[in-house]
Amino acid sequence: MQTARTGRGVAAATSVAALAATALTAAAPVAAPHTLAVPAVVGHTLAHRVSSPLSDAQCQAKWQINCYTPLQYRTAYDLNALYRKGVTGKGRTIVIVDSYGSPTVQHDLDVYSRQFGLPSTKVKVVKWGHVPAFDPKNSDMTGWAGETTLDVEMAHAVAPAAKIVVVETAVSETEGTTGLPEMMNAEKYMIDHGVGDVISQSFGATENTFPGFAKGDFSSIKKLRYAFQDANRKHVTVLAASGDGGATDLQADGKTYYKKRVNSWPSSDPLVTSVGGTQLHLDDKGNRVKPDSAYNDYGSGGGGQSHVFTRPSFQNGVKKVVGTRRGTPDISMSAAVDGGAWIYSSFDPTATGWDVSGGTSEATPLFAGIVALADQAAGHRLGNIQKRLYDLSSYRSKLTGIVDVNDGTDNSYQGVTGYKAVNGYDLATGVGTVDALRFVPALVKQKP
């Protein structure tokens, strides 16, 4: 989700772009069903080519939203004390997978870093397959470029010394699914060649849109799990955005929402840590003026029960909530557009400048940065963190750094009733969010 510069009208932005989800799907011929994963970042016209970031008060006056800098996030998530201890993500690598990528990602990160007084870092770009030349007039490409920009700048904001590898894939249609096999092949290659400690995925597709789903045949999803199985064996942490459609998500036409509760893959995969969304309420320095809420404004944090995967053992302690199914999300970070992050991009020469971005596509790279910090603190990859995460949550102690989100807000969306943020684990925000100063060492110490 992005408060961005696309030239779409406000009405269109509200009905389509601002209400879009991480898992978008495209219509396909009946004879050969296709599932298309597209980026969560979509245009919204509140912030249009802003020459420099505005203050929160200016955002409130101009667009009636809060807008935050990485410096405010660092205070909100208690990161500064970790930095002073030298825990900055140094020696760790975050892999970000996006189709097409952005031709200006390094330049944009440099501008972003300079604006906020952060050290920049080298972004390594890996092209997977025959990635076409970037065309700023192609809306698919600019959508993915916006996603790439958001992913890189958010990961860097949290783990400033971590290396970042952007894997650009060329979306191609194959029998069964579109784009996803390419992404999974790229991820497996990175894992097999020792590239990356944590993989951040800000994309997905509604489980119901995969071939065979209606008949109870989930093989089209399960055949795509090989990259995650590989990551699990080689101790690489895999994250995925839980989606921006609340308890529902988009149908195969990419525009219409299901009128019932659904879930999305890869977020729903038990081998993946599903990252949901919160709304931060901060002052100018980044201190909370009230507790976090469930993300629910121009989109809503994805969450609910998977229809494909049964409850994994790490969720046995929350079986009263998830029942017999895999529940998402697992944990949450900032995602609301009202409280979104300033992002700089120049991939579209007609719309260079600063935007305010949100969505679980923001939350996921933020948490990828947290994992990179933990990997550095541990001196090795933590790999699949699911059991550690739920064990820490079960202690119900502030010393774990897990902060419960329990203010009663919910992720209802598009007329589909969602779930409330209540005490303990819930299907709106998972186990909650984090206080990094406590969470990072607690995650390291917790037995896998």
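This short talk covers one helix and several salt bridges in the structure shown above. Please keep in mind that the model is predicted.

I shall begin with helix α11, which runs over residues 360–378. At 1.5 Å a residue, its 19 residues should span 27 Å, and the C-alpha atoms at its ends are indeed 27 Å apart, so the two values agree. Of these 19 residues, 16 are buried, and α11 is therefore largely enclosed by the rest of the structure. Directly after α11 comes Gly379, with a positive phi near 85°.

I turn now to charged pairs. Side chains of opposite charge can pair when their charged atoms come close. How many salt bridges does a search of the whole structure find? The search finds 14.

One of them joins Arg438 and Asp78, with 3.8 Å from N to O. This pair links distant parts of the chain, 360 residues apart: Arg438 lies in helix α13, whereas Asp78 lies in the loop between α3 and α4. Arg438 is partly exposed, at 37% relative accessible area, and Asp78 is also partly exposed, at 24%.

My last example centres on Lys188. Its salt bridge with Asp192 has its closest N and O atoms 2.7 Å apart. Both residues belong to helix α7, and because they are four residues apart, about one helical turn separates them. Lys188 also forms a salt bridge with Asp230, at 4.0 Å between the closest N and O atoms. Here the partners are 42 residues apart, with Asp230 in helix α9. Salt bridges with shared partners join Lys188, Asp192, Asp230, Arg233 and Lys234 into one network. Within it, Asp230 is buried, at 2% relative accessibility, while Lys188 is partly exposed, at 28%.

Conventions. Residues numbered from 1 in each chain as written. Predicted model: local features only at pLDDT ≥ 70, side-chain atom pairs only at ≥ 80, totals over all residues. Heavy atoms only, no water. Helix = DSSP H or I, 4+ residues; strand = E, 2+ residues; numbered from the N terminus. Expected span 1.5 Å × (residues − 1). Buried < 20%, exposed > 50% of the residue type's maximum accessible area, 1.4 Å probe, protein only. Salt bridge = Lys/Arg side-chain N within 4 Å of Asp/Glu carboxyl O.
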